Amino acid sequence: MFGDIAVPTGLQNADPCVTRGCLWPKATDGNVYVPFRIANSFSQRQRTTIIEGLRSFAASTCIRFTPLNRQRDFVDIQSLSGCFSFVGRRGRGQVVSLSRQGCVFRQIIQHELLHALGFNHEQTRSDRDQNVRILLENVISGMESNFRKIQTMNLGTPYDYNSVMHYGRFAFSKNRQPTIVPIPNANVAIGRATQMSPIDILRVNRLYRCNSTAFRPDLKPMQRNHFL
């Protein structure tokens with residue numbers, strides 16, 4: 001387990017899984033249907049919150065989470081120990097854990113579902129060293145792997161401090177000192193997203209080729225956190 005990413009034996013962490021066929025398939029109507037099942041252990045209120053999180057993707061992307069109906073591959077939402085997910089489609093029932101004690105919130109639900117769709121944490125991006133400084137000397141021993149840099153597919157998007165996939169500045173700190181510091185402006189807020197950012201949404205649309213604007217050549221990053 002790396003933070004909230006479940007890692008099966010043999011996974012090569014340096015390789016973005018989308019190059020190994022872990023995307024969910026697109027239907028002929030242009031949508032991507034991801035079957036899901038929610039465990040009975042959640043309260044009705046928690047179940048409603050989870051369903052709202054699932055439905056939020058349909059408002060701005062071609063991702064459609066649909067109730068399981070005999071499909072082989074599906075997202076199996078359970079309340080286990082903590083909040084975690086595999087990265088990308090793993091095959092058959094893959095667990096997304098949303099512990100009833102602390103994980104059933106919109107931003108966490110979206111975060112874990114983005115993992116299941118194939119996305120890693122923002123601070124592990126291949127270009128992260130131009131945007132944040134990682135202070136491993138402040139990281140809890142044995143947790144350093146959560147800050148490893150990955151050769152990610154960044155899909156022509158800028159680094160996003162506002163991403164729902166970004167850790168906070170004190171993540172895994174052993175001494176109450178920062179483990180992640182934005183650069184050049186150390187005061188930029190990170191890890192405070194309450195929902196997917198516009199750039200999170202853009203990446204989903206680009207990765208899954210959701211619409212005609214997803215790969216518009218004129219949609220270029222002009223400055224950090226903004227598109228024109």
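The side chains of Asp73 and Arg72 are joined by a polar contact of 2.8 Å. A further polar contact, of 3.1 Å, runs from the side chain of Asp73 to the side chain of Arg89. These values, like those that follow, come from a predicted model. Asp73 is placed in the loop between strand 2 and strand 3. Its relative accessibility is 12%, and because buried means under 20%, Asp73 counts as buried. Leaving out residues up to four places away in sequence, Asp73 touches Trp24, Pro35, Arg89, Gly91 and Arg92. Trp24 is 49 residues from Asp73 along the chain, and the C-alpha atoms of the two are separated by 9.1 Å.

The surroundings of this loop can be placed in the chain as a whole. The chain has three helices and nine strands, and along the sequence they follow the pattern β-α-β-β-β-β-α-β-β-α-β-β. Of the 228 residues in the chain, 48% are buried. Among contacts with a separation of 6 or more, 69% are between residues 24 or more positions apart. The accessible surface of the chain is about 11,500 Å², and carbon and sulfur atoms account for 50% of that surface.

In soluble globular proteins, nonpolar side chains tend to be buried together. Here the largest nonpolar core has 33 residues, and those with the most contacts inside it are Ile50, Ile63, Phe65, Ile77, Leu114, Leu117 and Tyr208. Two or more residues each come from strand 1 (32-38), helix 1 (44-55), strand 2 (63-67), strand 3 (74-78), strand 5 (93-98), helix 2 (106-117) and helix 3 (198-207). Helix 2 gives the largest share of this core, five residues. Domain 1 (17-117) and domain 2 (121-194) both contribute residues, so the core lies between them. Ile50 shows how the core is put together in sequence terms: apart from neighbours within four places, Ile50 is in contact with Ile38, Phe42, Ile77, Leu98, Val104 and Ile109. A second core, separate from this one, has 10 residues, among them Val139, Tyr161, Ala171 and Ile190.

Helix 3, one of the elements that contribute to the largest core, is itself worth following. Nine of its 10 residues are buried, so helix 3 is largely enclosed by the rest of the structure. The buried residues of helix 3 are Ile199, Asp200, Ile201, Leu202, Arg203, Val204, Asn205, Arg206 and Leu207. Charged and polar residues such as Asp200, Arg203, Asn205 and Arg206 are thus on this list together with Ile199 and Leu202. After helix 3 comes Arg209, which has a positive phi, near 50°.

The next subject is the disulfides. A disulfide is a covalent bond between the sulfur atoms of two cysteines. Two disulfides are found in a search of the whole structure. In one of them, Cys62 and Cys210 are paired, with their sulfur atoms 2.2 Å apart. This pair links distant parts of the chain, 148 residues apart: Cys62 is in the loop between helix 1 and strand 2, and Cys210 is in the loop between helix 3 and strand 8 (221-223). The torsion about the S-S bond of Cys62 and Cys210 is about -60°, so this disulfide is left-handed. Cys62 is buried, with a relative accessible area of 3%, and Cys210 also counts as buried, at 15% relative accessibility.

Another disulfide joins Cys83 to Cys103, with an S to S distance of 1.9 Å. The link of Cys83 and Cys103 is left-handed, with -80° about the S-S bond. Cys83 lies in strand 4 and Cys103 in the loop between strand 5 and helix 2, so the pair ties together parts that are 20 residues apart in sequence. Cys83 is partly exposed, with a relative accessible area of 24%, whereas Cys103 is buried, with 2%.

Strand 4 (residues 83-85) also holds Ser85. The relative accessible area of Ser85 is 0%, and Ser85 is therefore buried. The side chain of Ser85 reaches the backbone oxygen of Glu112 at a distance of 3.3 Å.

Definitions and conventions
Residues numbered from 1 in each chain as written. Predicted model: local features only at pLDDT ≥ 70, side-chain atom pairs only at ≥ 80, totals over all residues. Heavy atoms only, no water. Core = buried A, V, L, I, M, F, W, Y, C linked by side-chain atoms within 4.5 Å. Buried < 20%, exposed > 50% of the residue type's maximum accessible area, 1.4 Å probe, protein only. Helix = DSSP H or I, 4+ residues; strand = E, 2+ residues; numbered from the N terminus. Domains from an automatic or database assignment. Contact = heavy atoms within 4.5 Å. Polar contact = N/O pair within 3.5 Å; in protein donor to acceptor, adjacent residues only side chain to side chain. Disulfide = S-S within 2.5 Å. Areas by Shrake-Rupley, 256 points an atom, 1.4 Å probe, with all protein chains shown as cover.
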